[in-house]
Structures are given as C-alpha cells and as structure tokens.
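Me: I've got a model open and a pile of labels I'd like to see justified. Can we go through them one at a time?

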Amino acid sequence: MSSRELVGGLLAGEDAWVVGGAVRDELLGREVIDLDVACREPERAARRFARASGGAPFPLSERHGAWRVALDEGRTVDFTPVPGTIEEDLATRDFALNAIAVPLAGGAEIDPFGGRADLERRTIRAVSDSIFRDDPLRLLRAVRIEDELGFALDPATEELVRRDSALVGEPSGERIVQELRRLSADGFRRLDELGLLAPLGGSLDDRLERVDSPAFRLVAVFGERLKRFPVSNELRRYAGALLRAEPPADDSPRSVHRFRRRTEPWALDALAFVGAEGFAAAVEAARAADPPEPLLRGDELGVQPGPAIGKLLVEIAEERAAGTITTREEALAYVRRRT
C-alpha cells in the first residue's frame, strides 16, 4: 500500500488534502517521493501514520505546528495544519504550481491561483508579492525548481527575487545547504545572475563543471567559505582534501603517492579541482597497484611508542610505492637506518 493510500485510509472522513510538490509532480508525470498532507490535526495524523507505517514522527515546525514522518529510503510524509479553509492555506504557499490541493477523499483539485496552467506553460509564478519576505529560503527554492524542472520564473516573480535577494542568507545554514546541494552547474549560474550567490559568499570560476557532483560544486563555488555552513563531517573532509591539494610535481610513483596520501579517497576530484587532470591515469594506475597489506605494522618496528612510528610507516609506504623497498626485510633494514 502506498503512503497516500495509507494516509487516505487513516484520515477517511476528515478534512485532508494532498498539497504542494506531491500534486505538482503527479500532474507532471514525475515520481512522487515525498508526500505533503494538509489536515486539521497534524500531530495526531502523524502519530497515527507513523504507527501504521513503522516510520518515525517528529515536529517539523513547532511554530507552525507541522509534523513529519520519516520513512525508509529517505522518504517523508509531512502533515501541516489547516486552521481555516484550504483556499486560505494555499494562499500562504510559495508558487502557484505548488498551491494546488487534491482532497484525500477524492474529488476535483482545488487550484485558486492557476497552478495547473502554470505547469502547462512551464512557469514559476509567486502566489503573492510577500512570499520571499515571508520565507527567504524560497529565493533558493525558486532557482532550484527552475533548475530541476526546466521551468522559468515569470518576469514579475523574477523581479521579486531581485528585490529581496539580500535576504537569501537569513534561513538556517542547514536549509540553505539542502537547497544548494540540489543545484546543477546551471543552477549556480542562475543564482549568480539573480544576485543570490554573492550574499552567500559564493563565486564562480571555471572549476564549476569539472566534476559532476553536488559536493564538488559546493567546494568550487564556496571554497574556504563553505566551512561557515553546518555541513557534514564527510563534506568537511572532502573540502579539506580539495582545498589543500597541489598538483603532483610529476607523474613519478613517488610524486603520485604523495599526492594520494594528501587527497585520497578523492584524489581524482582533487586533480580536477587544481586543474591537473592529466595525472588521472597515473593515479588510477597507482590505485590498481595498491598492495593489500602493509609490509610492517607499528608494533613490528622495534621503536618506542610515539610519533616516530607513524612517521616511519608513512616513509615505508612511500618507499614501497617508489619501488625502493619491496620486502619486509628491506623495510626493517630501512627502519634500522632511520633509527
């Protein structure tokens, strides 16, 4: 049973509507992954749905009373409050194409702002002049929807974006990064064109399209300034590897090994970041030749515990990559010479 069918059964006989991106994507023939349900009692509905689906309920916004149920594979179902009429609720949403409601019990869609017509015209149009001041994250969302759907802002909405562009940094860093991660290279160029990138600390150069990945684009656009956002530890490590990378001196095994030691497991991305893609074949060959086990472990060096052990292991690995050491005995002899 789909999430929509399950919610419909649980809320049968109650005022409840599917709204927002789920309706939009269904009308566009796109896969509907996340569901947004407008109803009278979001917390009760969320807890009932969580019990029936095995999901995890939590408040999405204590201020607005919205709840979310997290399901497997990253899917979510949101329950948002409707204190008045559904038409009044739709008037608080961002764009006309997201302001369409479909009753869970069945019946005609409710489309007071002409969202279906905008879908046909492939246009993104603001529901009101205040949408970006009400929630500045919508500035980024407008560009992201353009980017993902291949739609275009209508002229009046584009003017609103430009008018309110200085507000783009006001949302929480987590929400900003969530939107930025979904942008393509063209999306970042559009941010820049609309005056939304510079207030966030970003800038564009020719690195933007060297690797097609969200993480690479974030580092290419924000560089060291990315650290001011609350990004994951994994992304911090990735950014650090790229930002401290320097091109290998040459394609010798020793130079390639040193580059990989500073940048793996992202050495190929780091090469692209520093404009040294010509060394990619050497890096890939070195990866293929990586030995399955080290010649020596730290407790086999015969050295007192301390920083010297790590330094010696690094040196042995480099000499092995360079071909000057190939056996355990040669590694031990190297240790004796160095201590």
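Me: What makes Leu180 a contact partner of Phe222, and which others does Leu180 touch?
Reply: This is a predicted model, so read everything here as computed. Contact takes heavy atoms within 4.5 Å. Setting aside neighbours within four places in sequence, Leu180 meets that with Leu140, Phe188, Leu191, Leu200, Leu218 and Phe222.

Me: Where does Leu180 stand in the largest nonpolar core?
Reply: That core has 81 residues, and Leu180 is among those with the most contacts inside it, along with Phe79, Phe188 and Phe222. Residues need to be buried to belong to a core, so Leu180 has to be under 20% relative accessible area.

Me: Why are Arg141 and Asp94 called a salt bridge?
Reply: The cut-off is a side-chain nitrogen of Lys or Arg within 4 Å of a carboxyl oxygen of Asp or Glu. The closest N and O atoms of Arg141 and Asp94 are 3.1 Å apart, so the pair qualifies. Arg141 sits in helix α7 and Asp94 in the loop between α4 and β6, so the bridge ties together parts that are 47 residues apart in sequence. Both Arg141 and Asp94 are buried.

Me: What about Arg189 and Asp186, how far apart are the closest N and O atoms there?
Reply: They are 2.7 Å apart, which is within the 4 Å limit, so this pair is a salt bridge as well. Arg189 and Asp186 are three residues apart in helix α10, so about one helical turn separates them. Arg189 comes out at 32% relative accessible area; because partly exposed runs between 20% and 50%, that is the label Arg189 gets.

Me: Glu264 and Arg260 also form a salt bridge. Why do the two get separate accessibility labels, and what are they?
Reply: The closest N and O atoms of Glu264 and Arg260 are 2.7 Å apart. Glu264 has a relative accessible area of 25%, so it counts as partly exposed. Arg260 is at 12%, which is under 20%, so it counts as buried.

Me: Which residues are joined into one network of salt bridges, and what links them?
Reply: Shared partners do the linking: Asp94, Arg141, Arg144, Glu148, Glu179 and Arg182 form one network. The whole structure has 45 salt bridges.

Me: What is odd about the peptide bond from Glu264 to Pro265?
Reply: Most peptide bonds are trans. The one from Glu264 to Pro265 is cis, with omega near 10°. Pro265 lies in the loop between α13 and α14.

Me: And what makes Glu73 and Arg122 worth a look?
Reply: Most residues other than glycine have a negative phi. Glu73 has a positive phi of about 60°, and Arg122 also has a positive phi of about 60°. Glu73 is found in the loop between β4 and β5, and its relative accessible area of 76% is over 50%, so Glu73 is exposed. Arg122 lies in the loop between α5 and β7; at 43% it stays under the 50% mark and so counts as partly exposed.

Me: Why is Asp25 called buried?
Reply: Its relative accessible area is 11%, and buried means under 20%, so Asp25 passes. Asp25 is in helix α2 and, beyond its neighbours within four places in sequence, is in contact with Arg30, Glu31 and Val32.

Me: How do you know what lines the largest pocket, and which residues lie nearest its centre?
Reply: A lining residue has an atom within 4 Å of a pocket point. For the largest pocket that gives 47 residues, with Asp36, Leu60, Arg68, Asp78 and Arg141 nearest the centre. The space in it is about 2,100 Å³. Helix α7 gives the largest share of the lining, six residues. By class, the lining has 13 nonpolar, 11 polar and 23 charged residues.

Me: How does the lining of the second largest pocket divide?
Reply: It has 14 nonpolar residues, one polar and five charged. About 450 Å³ of space lies in this pocket. Of its 20 lining residues, the closest to its centre are His257, Asp290, Pro291, Ala317 and Ala321. α16 gives the most to this lining, with five residues.

Notes: Residues are numbered from 1 along each chain as its sequence is written. This is a predicted model: local features need pLDDT of at least 70, side-chain atom pairs count only at pLDDT 80 or more; totals for chains, interfaces and linings use all residues. Side-chain values use heavy atoms; hydrogens and water are left out. On a 1 Å grid over the protein atoms alone, a cavity is a set of points where a 1.4 Å probe fits but cannot get out, and a pocket is an open set with protein on both sides within 12 Å along at least five of seven lines; lining residues have an atom within 4 Å of a point. Grid points are joined across faces, edges and corners, and a volume is the space filled by probe spheres set on the points. Helices (H or I, at least four residues) and strands (E, at least two) are DSSP runs, numbered from the N terminus. Ala, Val, Leu, Ile, Met, Phe, Trp, Tyr, Cys and Pro count as nonpolar, Asp, Glu, Lys and Arg as charged, and the others, Gly among them, as polar. Buried means under 20% relative accessible area, exposed over 50%, partly exposed in between (1.4 Å probe, protein chains only). A nonpolar core is a set of buried Ala, Val, Leu, Ile, Met, Phe, Trp, Tyr and Cys residues joined through side-chain atoms within 4.5 Å.
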